[in-house]
Amino acid sequence: MHEFSGNGNITLIIQDGFHMDQSSPFSLSGKIFVVAGASSGIGLAICHSIVKAGGKVIGLARREERLQAMVNELGKENASYIKADLSKDEDITHVVDQIPEVNGYVHATGIIKLSPLKFLKRETLEEIMNVNYFSMVLTLAEMTKKKKIKKQAYSSIVLISSINALVGSKSNLMYAGSKGAMSSASRVIANELAGQKIRVNTIKPAMVDTDLASDVQDLLSKETIDKDKESYPFGYGTPEDVANTTVFLLSDASKWITGQSFILDGGWLNLV
Amino acid sequence: MDKDAFLKSFADQFDDTDPASITLDTKFKELEEWSSMVALMIIAMADENYNKKITGADLRESGTIGQLYERISSR
């Protein structure tokens, strides 16, 4: 902490690092959230942003060593984890039985596989839908059944969908379909939980620099990627860009917002 | 991984180009029908038929179909 005294009566105090007034509606102080997909990319960034905003996190993912690293970075007083594969019913039950009543849930798990229509196979289609969509629906079903989301407190569920739910990128039918299903389901869930003052919103990011995006980019030529980047007035997004919007939607600053979907795209879709 | 079978599968991904005109010496990116969609088909075909991953670099750095075959068949 640094203090600067001027000639008058004003003393300016600058706190090292990020500090948020706990009375701010943007603060997550005193709140606890479950984040699925917490081991990397957008989910991991969301864990960091929640803690920066004063909240606490329970991270879920399949890779335990990465979850442990997340907890080490954020501190045991702020973060914990449960190793889980939410595409399995028994893991969902285990997670929901373990967690306390929480102020919200973020679903940031996702896998992507490209395939032109004529090469699609049921097995791969089911795998993508299972990880990206069924896991979200069934986890929320279990959490609501076991009353693990705090009622009458503007609790918040944030689902990380994708811009691909809106646009038809070639070969991306499986991922687009799973994210479109998530977006449609979010409005239904928002309506069902509105009576309990539990909010549900969706974020649709366009291209964000993550390992997931790198896997896709590896299949494309450098020229294609460079051309795509040029179509983004503000460039590709970062996981932190998505995390910051997520924190807003988890906070009481957004307590009048439910059933909505937010496009984060650096101007890609509408600025022609 | 049979060279002729690969060539036939490669040619099958084109709808308007005469398969007989496509040989191992064809510079595939110079074909009029070549597009990002055909590239995605080739990637999917290699994955399905041969369990081989073709990357953007493979397509970028291969001039002919024969060169692409040599590049991925050695893996």
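Helices (H or I, at least four residues) and strands (E, at least two) are DSSP runs, and they are numbered from the N terminus. The exercises below apply this to a predicted model.

**Exercise 1. State which pattern chain B follows along its sequence, and describe its overall dimensions.**

Step 1. Begin with the count of elements: the secondary structure of chain B comes to four helices and zero strands. Read along the sequence, these give the pattern α-α-α-α.

Step 2. Turn to the dimensions. The C-alpha atoms of chain B fill a box of roughly 30 × 25 × 20 Å along the principal axes. A compact globule of 75 residues would have a radius of gyration near 11 Å, and because chain B has 11 Å, the value agrees with that expectation.

Step 3. Consider the interior. Of the 75 residues in chain B, 49% are buried, and among the contacts with a separation of 6 or more, 57% are between residues 24 or more positions apart.

**Exercise 2. Work out how confident the predictor is in each chain and in the complex.**

Step 1. Chain B averages a pLDDT of 92, and 100% of its residues score at least 70.

Step 2. Chain A averages a pLDDT of 90, with 88% of its residues scoring at least 70. Over residues 1-17 of chain A the pLDDT is below 50, and this stretch has 17 contacts in the model beyond near neighbours in sequence.

Step 3. For the complex, the predictor gives an ipTM of 0.73 and a pTM of 0.86.

**Exercise 3. Describe the sheet of chain A, moving from its strand order to the elements that lie across it.**

Step 1. Write down the order: the open sheet has seven strands, arranged E5-E4-E3-E6-E7-E8-E9 in chain A, with parallel pairing. Its edges are strand E5 (79-83) and strand E9 (261-264) of chain A, each of which pairs on one side only. From one strand to the next, the twist averages 20°.

Step 2. Recall how such pairing arises: strands of a sheet pair through backbone hydrogen bonds, either parallel or antiparallel.

Step 3. Look at two pairs in turn. Strand E8 (residues 199-205) of chain A is joined to E9(A) by four bridges, and these strands run parallel; here Thr202(A) has Ser261(A) in E9(A) as its bridge partner. E6(A) and E7(A) also pair in the parallel sense, over four bridges, and His107(A) stands opposite Leu159(A) in E7(A).

Step 4. Ask how enclosed E7(A) is. Five of its five residues are buried, so E7(A) is largely enclosed by the rest of the structure. Both faces are covered, with Ser156(A), Val158(A) and Ile160(A) buried on one side, and Ile157(A) and Leu159(A) buried on the other.

Step 5. Add the helices. Helix H1 (residues 41-52) of chain A lies across E3, E4, E6 and E7 of chain A, running at about 170° to E3(A). Helix H8 (residues 239-250) of chain A lies across E3, E6, E7, E8 and E9 of chain A, running at about 165° to E8(A).

**Exercise 4. Find which parts of each chain are tied together by the salt bridges Glu127(A)–Lys113(A) and Arg75(B)–Asp58(B).**

Step 1. Start from the principle: side chains of opposite charge can pair when their charged atoms come close. The structure holds 13 salt bridges over all chains.

Step 2. Take the pair in chain A. Glu127(A) and Lys113(A) form a salt bridge whose closest N and O atoms are 3.0 Å apart. Glu127(A) lies in helix H4 (residues 122-145) of chain A, while Lys113(A) lies in the loop between E6 and H4 of chain A, so the pair ties together parts that are 14 residues apart in sequence. Glu127(A) is partly exposed, at a relative accessible area of 34%, and Lys113(A) is partly exposed at 35%.

Step 3. Take the pair in chain B. The side chains of Arg75(B) and Asp58(B) meet in a salt bridge at 2.6 Å, N to O. Arg75(B) lies in the segment after helix H4 (65-73) of chain B and Asp58(B) in helix H3 (residues 56-61) of chain B, so this salt bridge ties together parts that are 17 residues apart in sequence.

Step 4. Classify Asp58(B) by its accessibility: buried means under 20% relative accessible area, and Asp58(B), at 1%, is buried. Asp58(B) also belongs to a network of salt bridges that links Asp58(B), Glu61(B), Arg71(B) and Arg75(B).

Definitions and conventions: Residues numbered from 1 in each chain as written. Chains lettered and ligands numbered in written order. Predicted model: local features only at pLDDT ≥ 70, side-chain atom pairs only at ≥ 80, totals over all residues. Heavy atoms only, no water. pLDDT = per-residue confidence, 0-100. Contact = heavy atoms within 4.5 Å. Pairing = 2+ DSSP bridges. Axes fitted to C-alpha atoms, helices over the stretch in contact; angles between N-to-C directions. Salt bridge = Lys/Arg side-chain N within 4 Å of Asp/Glu carboxyl O. Buried < 20%, exposed > 50% of the residue type's maximum accessible area, 1.4 Å probe, protein only. Rg over C-alpha atoms; globule rule 2.2 N^0.38 Å.
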